Amino acid sequence: MKLAVVGTGYVGLVTGTCFAETGNQVTCVDIDERKVEKLNNGIVPIYEPGLETLFHRNVEEGRLIFTTNLEEGIKDAEVIFLALPTPPGEDGSADLKYILKVASDLGPILSQYAVIVDKSTVPVGTAEKVHAHIADNAKVDFDVVSNPEFLREGVAVEDFMKPDRVVIGTKSERAKGVMNKLYAPLVRQGNPVIFMDERSAEMTKYAANAFLATKITFMNEIANLCERAGANVDDIRRGIGTDSRIGKRFLFAGIGYGGSCFPKDVQALAKTAKDFNYDFKVLKSVMEVNYEQKIKMMPLILNHFGGDLKGKTIAVWGLAFKPYTDDIREAPALDNIRALLEAGAKVTVYDPEAMDNVRNQLGNSIAYAHTQYAALDDADALFIITEWPLFRTPDFDKMNLLMKNKVIFDGRNVYELEQMREQNYTYYSVGREAVLAPVEQKV
C-alpha cells in the first residue's frame, strides 16, 4: 500500500519506518527543512533501539522517503497518518493547532478516497474536528479514523511490529477494510484488532496511560509509607505483583514518572473530565503525588550534608526519563539538577544517550562526563536517577578510588541493601531503610 505520514517526530518516524518494513511505500512529510535534510542524508534524529537498522534498510530499498511538500507526500496515498505534536496548554488541554492546520491543508489537495488517521494522542472529539476541517474544501470522499499508538520508548520498534493490540476507531466499513488490510502483517499471531467508535478509541489511549501512571504513583505512595513504617517496598512489590489481578509490571517504586506521554496524557484526561463537569479525583492525586515524588530525594541529600550543599559536588547517573531513550521530556533528572544547583552544589552528569539534549537545555551550568566513572571524580556523593543497565554492576573498587565519600542516593532502587552494606556505603533509596555506614572523609 502507499502511505503518507505527516510528522517525523518520535511516533511518526517509528510508524513510517515500521510500515515500510512490512512492504509498504511510505512518504514522510515534515515542514522542518533541516530535519528532512538530515533524514534524507541518513541521519536518524532520535535514539530508539533497532530503529536505525530498519530506517537504513528501507531508505536504501526505496520504500521510505522524506519531503517537505505535503501535496507531493500524499499523492496516491491510500492512508494518511497524522503524527503531529499535541503539546499541553496552560490548562492541561492538548493543543490541536498543528493537526487542524494540516487537516485544513489536506482538504483541497485530496485527489482520491483516502483514510486519514489520527495517530497522535488526541482528546475525545478530535476525529470529528479533523473531519470538519478537511470537509470544508474536500472534493472527494474520505474517512477519518482514530488509531492511537501504544509505543513504549526504548522498545517502540518491537511494540509496533508485535503489538499487544491494535485499536481502531471508525464507523466506516470502507475504512475498516483498509485498516484491516494495512495491519494484517502485524497481527498474524492472533493479536486483536479492536474496532470501536472514534470517541472510544480516543479515550482508550488516555485511559491506558492514566491507569499506568496511577499504578506507578500508587506504588510510590506505598514506598513513602514504607519509609515511615519500616517496611520494604521491594518485598511488597513481589508480594502483590504475583497476583494475576494486579500483575508485576509498573510496580517499581522510584522518583516519579516522566516522558512525553504520562504527564501530558494525565493532564489532558483531567482537562477532559473538567470539560464534562466531572471531578476526576484520582487523577488530581496522581499529578500531585508525582510532582512531589520527583524531588523526594532532595531533603535526604540536604540532611546528609547538614543542610549545606555549597562546595559539594554531586555526580548524577542518568538523565533520560527512562533507559534506552534520549528523551528528557518531563525527566526527573532536570528537576533534581535544578534543585541541586539552587542549593549551591556543583553537578557532574553522565547518561549514555541524553547528554546532548540536556546540554541544549542547561548549557554549561553543569559538567558533562564522558563515562560514568569520570562523573565520579572528586564527587561527594552519587545520585542515580535513571536505571540504565550499565549502572547496575559497576566497579565499586574504581568508584571508591574516585569518590570523596562512599555515599549513594538511589532514586530507582538499583542496588540491594545487603550489597551496599557489604560495600560499606551509606545508601539512601526509595521505600526501603537507609544503610548508614561510617563515612571516611578523603583528605
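User: Hello! Which helix holds K264?

Analyst: Welcome! This is a predicted model. In it, K264 lies within residues 262-275. That stretch is helix 11.

User: Is K264 buried or exposed?

Analyst: The relative accessible area of K264 is 17%. Buried means under 20%, so K264 counts as buried.

User: Which side chain makes a polar contact with the side chain of K264?

Analyst: Leaving out residues up to four places away in sequence, K264 touches T86, P87, P88 and T121. A polar contact at 3.5 Å joins the side chain of K264 to that of one residue, T86.

User: How many helices and strands does the protein chain have, and how does its radius of gyration fit its length?

Analyst: The protein chain has 17 helices and 14 strands. For 443 residues the globule rule gives 22 Å, and the chain comes close to that, so it is as compact as a globular protein of that length. Its radius of gyration is 24 Å.

User: What share of the residues of the protein chain count as buried?

Analyst: The C-alpha atoms fill a box of roughly 80 × 50 × 40 Å along the principal axes. The chain exposes about 20400 Å², with carbon and sulfur atoms supplying 50% of that area. Of its 443 residues, the share that counts as buried is 52%.

User: Which helix gives the most residues to the largest nonpolar core?

Analyst: In soluble globular proteins, nonpolar side chains tend to be buried together. Here the largest nonpolar core has 64 residues, and W317, L340, F383 and M399 have the most contacts inside it. Five of the core's residues come from the helix that gives the most, spanning residues 332-342: helix 14.

User: Which residues does M399 touch?

Analyst: M399 is among the residues with the most contacts inside the largest core. Setting aside residues up to four places away in sequence, M399 touches W317, Y373, L376, L382, P394, I408 and Y425.

User: How many residues are in the second, separate core?

Analyst: Among the members of this separate core are L39, L51, V166 and Y183. The number of residues in it is 39.

User: How many disulfides are there in the whole structure?

Analyst: For C18, the nearest cysteine sulfur is that of C28, 11 Å away, and C18 is in no disulfide. C261 is in no disulfide either, with the sulfur of C18 nearest at 16 Å. A search of the whole structure gives a count of zero.

User: Is C18 buried or exposed?

Analyst: The relative accessibility of C18 is 0%. With that value, C18 counts as buried.

Key:
Residues numbered from 1 in each chain as written. Predicted model: local features only at pLDDT ≥ 70, side-chain atom pairs only at ≥ 80, totals over all residues. Heavy atoms only, no water. Disulfide = S-S within 2.5 Å. Buried < 20%, exposed > 50% of the residue type's maximum accessible area, 1.4 Å probe, protein only. Helix = DSSP H or I, 4+ residues; strand = E, 2+ residues; numbered from the N terminus. Polar contact = N/O pair within 3.5 Å; in protein donor to acceptor, adjacent residues only side chain to side chain. Contact = heavy atoms within 4.5 Å. Rg over C-alpha atoms; globule rule 2.2 N^0.38 Å. Areas by Shrake-Rupley, 256 points an atom, 1.4 Å probe, with all protein chains shown as cover. Core = buried A, V, L, I, M, F, W, Y, C linked by side-chain atoms within 4.5 Å.
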